Amino acid sequence: MNRWLIILTLLATLINCHSDDSIIPIQGSGLPGTWQLFERGYSPGAGYIIDKIPSKPEQYVTFTADGHLQAQGDNLKTYQAFSRFRLDSLNQMIRIRFIPSASEYTEQVYLSSDTLRLYQSCFEGCHLGFLRIK
């Protein structure tokens, strides 16, 4: 009886420790899928700052296998103007080209399992970090 009480207490503790403000990534491969914004990096001129982005409200971008994208969230307004994308490879660097774009807007892509980082063209450097969800 004591053993069951201990197990139930442990389970209740673990359930209560789970925060509603966390993003639970899933495993996957490749770019297609839904990605939730979790960090923003930038440089104000000295050093590099990484701000964590709260999981609520959800801010995400979805890439489909047929080249469509959809974005939601205040920090992702730039991506909301685009409906399609294409991946390009140049000198062992992968870039994502957003369409339609009169200026041929591209960003460098870093993809590792459940983490996606998009590096915008910023003078001092900047990026957005995403975790694969759903």
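Which residue takes a positive phi in the hairpin of β1 and β2? Keep that question in mind; the view of the hairpin comes back to it.

**Figure 1. The whole chain, a predicted model with 2 helices and 9 strands.** Start here to get your bearings. Reading along the sequence, you'll meet the pattern α-β-β-β-β-α-β-β-β-β-β. The chain has 134 residues, and buried ones make up 34% of them. Look at contacts with a separation of 6 or more, and you'll find that 42% come from residues 24 or more positions apart. How confident is the predictor? The mean pLDDT of the chain is 81, with 78% of the residues reaching 70 or more. Take care with residues 4–20, though: pLDDT stays under 50 there, and the model gives this stretch 3 contacts beyond four places in sequence.

**Figure 2. Strand β1 and its pairing partners β2, β3 and β9.** Zoom in on β1, which spans residues 33–42. Buried residues account for 7 of its 10, so β1 is largely enclosed by the rest of the structure. With β9, the strand pairs in the antiparallel sense over 8 bridges; one spot to find is Y42, whose bridge partner in β9 is C126. With β3, the pairing is also antiparallel, over 4 bridges, and here W35 has V61 as its bridge partner. β2 is joined to β1 by 4 bridges, again running antiparallel. In that pairing, look for R40 and its bridge partner D51.

**Figure 3. The turn of the β1 and β2 hairpin.** Now back to the opening question. There are 6 residues between the two strands, and G45 is the one with a positive phi, near 125°.

**Figure 4. The largest nonpolar core, with 19 residues.** In soluble globular proteins, nonpolar side chains tend to be buried together. In this core, the residues that touch the most other members are F63, I96, L116 and F130. Two or more residues come from each of β1, β3, β4, β6, β8 and β9. Pick out F130 and see who it meets: leaving aside neighbours within four places in sequence, its contacts include W35, L37, F38, V61, L76, L116 and L118. Polar company turns up too, with Q36, D114 and T115 among the residues in contact with F130.

**Figure 5. F63 and F85, one of 5 aromatic pairs.** A pair of aromatic rings is described by the distance of the centres and the angle of the planes. For F63 and F85, the centres are 5.0 Å apart and the planes sit at 80°, so this pair is edge-to-face. F63 belongs to strand β3 and F85 to strand β5, so the pair ties together parts that are 22 residues apart in sequence. F63 is buried, with a relative accessible area of 2%. F85 counts as buried as well, at 11%. Elsewhere, ring pairs link Y79, F82, F98 and Y105 into a cluster.

**Figure 6. The disulfide of C122 and C126.** A disulfide is a covalent bond between the sulfur atoms of two cysteines. The count for this structure is 1, and in it the sulfur atoms of C122 and C126 are 1.6 Å apart. The torsion about the S-S bond is about 50°, so the disulfide is right-handed. Are its two ends buried or partly exposed? C122 is partly exposed, at 35% relative accessibility, whereas C126 is buried, at 10%.

**Figure 7. Backbone oddities at P57, P100 and S113.** Most residues other than glycine have a negative phi, and most peptide bonds are trans. Check the bond from K56 to P57, which is cis with omega near -5°; P57 is in the loop between β2 and β3. The bond from I99 to P100 is cis too, with omega near -5°, and P100 lies in the loop between β6 and β7. Finally, find S113 in the loop between β7 and β8. Its phi is positive, near 55°, although S113 isn't a glycine. With a relative accessible area of 36%, S113 is partly exposed.

Key:
Residues are numbered from 1 along each chain as its sequence is written. Side-chain values use heavy atoms; hydrogens and water are left out. A nonpolar core is a set of buried Ala, Val, Leu, Ile, Met, Phe, Trp, Tyr and Cys residues joined through side-chain atoms within 4.5 Å. Buried means under 20% relative accessible area, exposed over 50%, partly exposed in between (1.4 Å probe, protein chains only). Contact means heavy atoms within 4.5 Å. pLDDT is the predictor's confidence in each residue, from 0 to 100. Two strands pair if DSSP finds at least two bridges between them. A disulfide is a pair of cysteine sulfur atoms within 2.5 Å. Rings of Phe, Tyr and Trp (its six-membered ring) pair if their centres lie within 6.5 Å; planes under 30 degrees apart count as stacked, over 60 as edge-to-face and the rest as tilted.
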